[in-house]
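Subject: A structure for you to look at

Hello,

Here is the structure I promised to pass on. Have a look at it first, and then read my notes below.

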Amino acid sequence: FRAPFPVALRAHRMPGWPPQELAVPLRSADSNANRWDQQSSVDSAVPLTPAAALLDGGKPSTCQQHQSEQHLAEAQAAAARSMEVGASILSELGSQRETLVRMRDTLHGADGDLTQGSSFISTMLRRTFFKKMLLIAIICALVGTILLLIFAKLKH
């Protein structure tokens, strides 16, 4: 996905930009080669970066090329390590996902068992309540019958 902003910014040029102190005049190829020779002979103690050397119109030295190659090799090694770490993380996440799926299935089974057990206990409680009420009714009927028999014997 690319944003449309760089195109819009390239199309719009502000007057007076870039400032004169930042503007770089164009040079011919011969003047660039002479400048590189002068720069390297005059200022050999201060090495130029590859980008600065290319901007000054010269070619980067073999030392700079070697450094660039080393940086590129380091970047490629870091990318390879990142790929290995990413692959190991993905495999670990895959195994964790499988574990979570198994746990979810186990929990769904346990939830079903708990629901079934809960309904079974509710049925048992309801039956126990009705049996208790029946037992209380029988006891009350027996107590009433005993009281009637006692009252009938006392009246005679």
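How many helices and how many strands are there in the protein? There are 4 helices and 0 strands, so along the sequence the pattern reads α-α-α-α, where helices (H or I, at least four residues) and strands (E, at least two) are DSSP runs numbered from the N terminus.

A word on how to read this: it is a predicted model, in which local features need pLDDT of at least 70 and side-chain atom pairs count only at pLDDT 80 or more, while totals for chains, interfaces and linings use all residues. Residues are numbered from 1 along each chain as its sequence is written, and side-chain values use heavy atoms, leaving out hydrogens and water.

**Confidence**

The average pLDDT (the predictor's confidence in each residue, from 0 to 100) is 77 for the protein, and 62% of the residues score at least 70. Among the elements, helix α4 (residues 62-155) has the highest mean, 94, and helix α1 (residues 5-11) the lowest, 46. Over residues 4-12 the pLDDT is below 50, and this stretch has 0 contacts (heavy atoms within 4.5 Å) beyond near neighbours in sequence. Residues 26-46 also stay under 50, but here the model has 13 contacts beyond four places in sequence. Where pLDDT is low, the predicted coordinates should not be read in detail.

**Surface**

Of the 156 residues, 3% are buried; buried means under 20% relative accessible area, exposed means over 50%, and partly exposed lies in between (1.4 Å probe, protein chains only). The protein exposes about 14200 Å² (Shrake-Rupley method, 1.4 Å probe, with only the protein chains shown counting as cover for residues), and carbon and sulfur atoms supply 67% of that area.

**Charges and cysteines**

Side chains of opposite charge can pair when their charged atoms come close. The whole structure has 1 salt bridge, meaning a side-chain nitrogen of Lys or Arg within 4 Å of a carboxyl oxygen of Asp or Glu. The partners are R104 and D105, whose closest N and O atoms are 3.8 Å apart. D105 is partly exposed at 45% relative accessibility, and R104 is partly exposed at 46%.

How many disulfides does a search of the whole structure find? The search finds 0, a disulfide being a pair of cysteine sulfur atoms within 2.5 Å. C63 is partly exposed at 48%, whereas C140 is exposed at 52%.

Happy exploring!
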